[in-house]
Amino acid sequence: MRFMMIVKSAEKWGFPPKELMDAIGKLSEDAVKAGTMLGNGGLLPTATGTRVRLSGGKLTVTDGPFTEAKEVVGGYAQFELKSKEEAVEATTRFMELHKIHWPGWEGETEIRQMFGPEDCGSKA
């Protein structure tokens, strides 16, 4: 099963401390060696982003920052794991690193199972 872990927090926290990034690097390296991590990355602040929205048949393009956002996606990781329980365990280890290396930081990691074309009911 594929899972996407989506890290969310307020932008006020800025960039993570080096100690946290080093610890996440080690955790990621171990997951890649085990063949469970498919990809990961951090995202720059919304001030550097752009949104393309489709609403009412019209496309609009808006440059950041997006002041209405209270919480933003700051990073992600994609895993191939055996179960949702395994995904929760992996995410808990990741969040423990934040607790240890970035005291006071507040945020969450959302775990979402992914689907592929085979799950959509389309016939080829």
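Lys8 and Glu110 form a salt bridge in this predicted model. Their closest N and O atoms are 2.4 Å apart. The pair links distant parts of the chain. Lys8 belongs to strand β1 and Glu110 to strand β6, with their positions 102 residues apart. Glu110 has a relative accessibility of 23%, so this residue counts as partly exposed. A third residue joins in: Lys8, Glu110 and Arg112 are linked in a network of salt bridges.

Side chains of opposite charge can pair when their charged atoms come close. How many salt bridges does the count come to? The answer is seven. Three of them appear in the table.

| Salt bridge | N to O distance | Where the residues lie |
|---|---|---|
| Lys8 and Glu110 | 2.4 Å | strand β1 and strand β6 |
| Glu29 and Lys33 | 3.2 Å | both in helix α1 |
| Lys99 and Glu96 | 4.0 Å | both in helix α2 |

Two of these pairs sit within a helix. Glu29 and Lys33 are four residues apart, about one turn of helix α1. Glu29 is partly exposed, because its relative accessibility is 41%. Lys33 reaches 65% and therefore counts as exposed. In helix α2, Lys99 and Glu96 are three residues apart, so about one helical turn separates them. Lys99 is exposed, with a relative accessible area of 60%. Glu96 is partly exposed at 35%.

**The sheet**

Now to the strands. Strands of a sheet pair through backbone hydrogen bonds, either parallel or antiparallel. Here four strands form an open sheet, and the pairing is antiparallel. The order is β2-β5-β1-β6. Which strands stand at the edges? They are β2, residues 37-42, and β6, residues 107-113. Each has a single partner strand, so one side of each is left without a neighbour in the sheet. From one strand to the next, the twist averages 15°.

Go through the pairs one by one. Strand β1 covers residues 2-9 and is joined to β6 by seven bridges. In this pair, Val7 stands opposite Thr109. Helix α2, residues 84-101, packs on the sheet and touches both β1 and β6. The direction of α2 makes about 160° with that of β6.

Eight bridges join β1 to β5. There, Ile6 stands opposite Tyr76 of β5. Strand β2 is joined to β5 by five bridges. In that pairing, Gly41 stands opposite Tyr76. Tyr76 therefore has Ile6 across from it in one pairing and Gly41 across from it in another, because β5 pairs with β1 and with β2 in the order β2-β5-β1-β6.

In a regular strand the side chains alternate between the two faces of the sheet.

**Helix α1**

Helix α1 runs over residues 18-34. Its 17 residues should span 24 Å, at 1.5 Å a residue. The end C-alpha atoms are 24 Å apart, which agrees.

Which residues of α1 are buried? They are Leu20, Ala23, Ile24, Ser28 and Ala31. Seen down the axis of α1, they fall within an arc of 135°, so they line one face of the helix. What do they pack against? The partners are β2, β5 and α2, with β5 covering residues 72-80. On the other side of α1, Lys18, Val32 and Lys33 are exposed. Lys33 is the residue that meets Glu29 in a salt bridge.

After α1 comes Gly35. The phi of Gly35 is positive, near 80°.

**Thr62 in strand β4**

One more residue deserves a look. Thr62 lies in strand β4, residues 58-63. Buried or partly exposed? Thr62 is partly exposed, because its relative accessibility is 40%. Leaving out residues up to four places away in sequence, Thr62 touches Gly49, Thr50 and Arg51. Compare the position of Ala87. Thr62 and Ala87 are 25 residues apart along the chain, and their C-alpha atoms are separated by 34 Å.

Technical notes:
Residues numbered from 1 in each chain as written. Predicted model: local features only at pLDDT ≥ 70, side-chain atom pairs only at ≥ 80, totals over all residues. Heavy atoms only, no water. Pairing = 2+ DSSP bridges. Helix = DSSP H or I, 4+ residues; strand = E, 2+ residues; numbered from the N terminus. Axes fitted to C-alpha atoms, helices over the stretch in contact; angles between N-to-C directions. Contact = heavy atoms within 4.5 Å. Salt bridge = Lys/Arg side-chain N within 4 Å of Asp/Glu carboxyl O. Buried < 20%, exposed > 50% of the residue type's maximum accessible area, 1.4 Å probe, protein only. Expected span 1.5 Å × (residues − 1). Arc of directions from axis to C-beta.
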